[in-house]
Amino acid sequence: TPLYSSAASDVYKRQEVAFVGATLAVVEVSGFGIEVHASPHTLSGLRVGATTRLHTAYIARKDEAPLLFGFAQADEKEIFSVMLGVSGVGPRTALAAVSVLGPDDARRAIAAGDDKAFTAVPGIGPKSARRIVLELADKLVLPEPPAQQAAQPQMPCLLYTSDAADE
C-alpha cells in the first residue's frame, strides 16, 4: 500500500492548457508540461490553448511518481482532500467520489448517513462507504442554503372608526 501525503496548493498564475484527455490534462508551467488528473467536470471546462486556473492537490507517493490533481472549484478540492484522510481511500478513489457525487451530494450523503450513495462510486464497496460516512460525519458541513430575503417587519396597524376616534 503506498503511503500518501498531500500538500494543498493553488495555482495562482494562469497556465496554458496544452492537452485535455479523458482523465487528465497537461498544463504548461514555465515551459514544462505538467500532468494534472481531474474530474470530468473540471476537464469539460478546459480548452487547448486557453489559460486556466486550477485548485490543486499534490500527492507524494512512496515508491511511485507523485501525482497532481486539479479542480475547477475549491469545494471539489475540499471533498477530495478530506476523503484522503479516510483509511483505505486513495487519490483515485477520492477523485472518483468527487466525479460521481459532486461536492454537494457528497456532503448531503455524509450528513444524512447515506452510505449507499458512496457505493455508486467505482472502487467503493459497502464497508468502505460506511467508513467514509462515519469518519467524515464531523468533518464536512452542508453548505448554507441561499439566503432568502427577510420579510419586512410588519408594523402593527390600528384601525379606528370615526365613532371610536370621537370618544
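Is Glu64 buried, partly exposed or exposed? With a relative accessible area of 39%, Glu64 is partly exposed, because that value falls between the cut-offs of 20% and 50%. Good morning, colleagues. Please keep in mind throughout that this is a predicted model.

Let me begin with the salt bridges. How many salt bridges does the structure hold? The count comes to three.

One of them involves the residue I opened with: the side chains of Glu64 and Arg61 meet in a salt bridge, at 3.1 Å from N to O. Arg61, in contrast to its partner, is buried, with a relative accessible area of 17%.

I turn now to Glu78, which forms a salt bridge with Arg107; the closest N and O atoms are 2.4 Å apart. Glu78 lies in helix H2 and Arg107 in helix H3, so this pair ties together parts that are 29 residues apart in sequence. The two side chains are also joined by a polar contact of 2.4 Å. As for their surroundings, Glu78 is partly exposed at 36% relative accessible area, whereas Arg107 is buried at 8%. On your display, Arg107 can be found in helix H3, which covers residues 91–112.

Another bridge joins Arg108 and Asp105, whose side chains meet at 2.9 Å, N to O. Both residues lie in helix H3, three residues apart, which is about one turn of the helix. Arg108 is partly exposed, with a relative accessible area of 44%, and Asp105 also counts as partly exposed, at 39%.

Let us move on to the aromatic rings. How many aromatic pairs does the structure hold? There are two. Phe69 and Phe80 form a tilted pair, with 5.0 Å from centre to centre and 35° between the planes. This pair links distant parts of the chain: Phe69 belongs to strand S7, residues 67–71, and Phe80 to helix H2, residues 74–83, 11 residues apart. Both Phe69 and Phe80 are buried.

Phe80 also pairs with Phe71: the ring centres are 5.0 Å apart and the planes stand at 45°, so this pair is tilted. Phe71 and Phe80 are both buried. Through these ring pairs, Phe69, Phe71 and Phe80 are linked into a cluster.

Finally, I should like to show you Ala57, in strand S6, which spans residues 55–61. Why does Ala57 count as buried? Its relative accessible area is 0%, and buried means under 20%. From Ala57 to Val36 there are 21 residues in sequence and 9.5 Å in space, taken C-alpha to C-alpha.

Thank you for your attention.

Conventions:
Residues numbered from 1 in each chain as written. Predicted model: local features only at pLDDT ≥ 70, side-chain atom pairs only at ≥ 80, totals over all residues. Heavy atoms only, no water. Helix = DSSP H or I, 4+ residues; strand = E, 2+ residues; numbered from the N terminus. Polar contact = N/O pair within 3.5 Å; in protein donor to acceptor, adjacent residues only side chain to side chain. Phe/Tyr/Trp six-rings, centres within 6.5 Å; stacked < 30°, edge-to-face > 60°. Buried < 20%, exposed > 50% of the residue type's maximum accessible area, 1.4 Å probe, protein only. Salt bridge = Lys/Arg side-chain N within 4 Å of Asp/Glu carboxyl O.
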